[in-house]
Amino acid sequence: MKSLPPDVKPYHRTPDFDESGIPPALLDDHATKPGVWGRIVVDSGMLLLTFAESGEAVTLRAGDTGIIAPEERHRVRAEGSVVFHVEFCR
């Protein structure tokens with residue numbers, strides 16, 4: 001899994017989402033803006049993170065983080081009960 005570059009810092013955090021409250025835009029392919037990294041933090045349960053270009057799918061479990069590079073198309077899907085949030089970094 002990727003890691004954030006050392007020079008980027010968080011500037012915004014979403015509220016917590018659970019399996020019944022994931023915004024529809026996150027379930028379809030979407031991307032961050034130029035220069036913006038995403039960090040998905042899973043607090044409980046499991047979340048499937050799929051990268052559109054490669055088709056790679058990563059299961060994130062409680063305590064895991066998923067890193068999204070700027071403009072990288074991806075989507076998420078709950079794997080049962082889950083609580084997670086997204087941090088945006090630049």
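Me: Which side chains of strand β4 (residues 57–61) point to one face and are buried?

Reply: This is a predicted model, in which local features need pLDDT of at least 70 and side-chain atom pairs count only at pLDDT 80 or more, while totals for chains, interfaces and linings use all residues. Residues are numbered from 1 along each chain as its sequence is written, and side-chain values use heavy atoms, leaving out hydrogens and water. Strands are DSSP runs (E, at least two residues; helices are H or I, at least four), numbered from the N terminus, and buried means under 20% relative accessible area, exposed over 50%, partly exposed in between (1.4 Å probe, protein chains only). Ala-57, Thr-59 and Arg-61 point to the other face and are not buried, which leaves Val-58 and Leu-60.

Me: Which two residues form the aromatic pair, and what is the angle between the planes?

Reply: Rings of Phe, Tyr and Trp (its six-membered ring) pair if their centres lie within 6.5 Å; planes under 30 degrees apart are stacked, over 60 edge-to-face, the rest tilted. The structure holds 1 such pair. Phe-17 and Phe-84, 5.5 Å centre to centre, count as tilted, with the planes at 55°.

Me: How many residues apart in sequence are the parts tied together by Arg-39 and Glu-87?

Reply: The side chains meet in a salt bridge (2.8 Å, N to O), that is, a side-chain nitrogen of Lys or Arg within 4 Å of a carboxyl oxygen of Asp or Glu. Arg-39 lies in strand β3 and Glu-87 in strand β6, so the parts tied together are separated in sequence by 48 residues.
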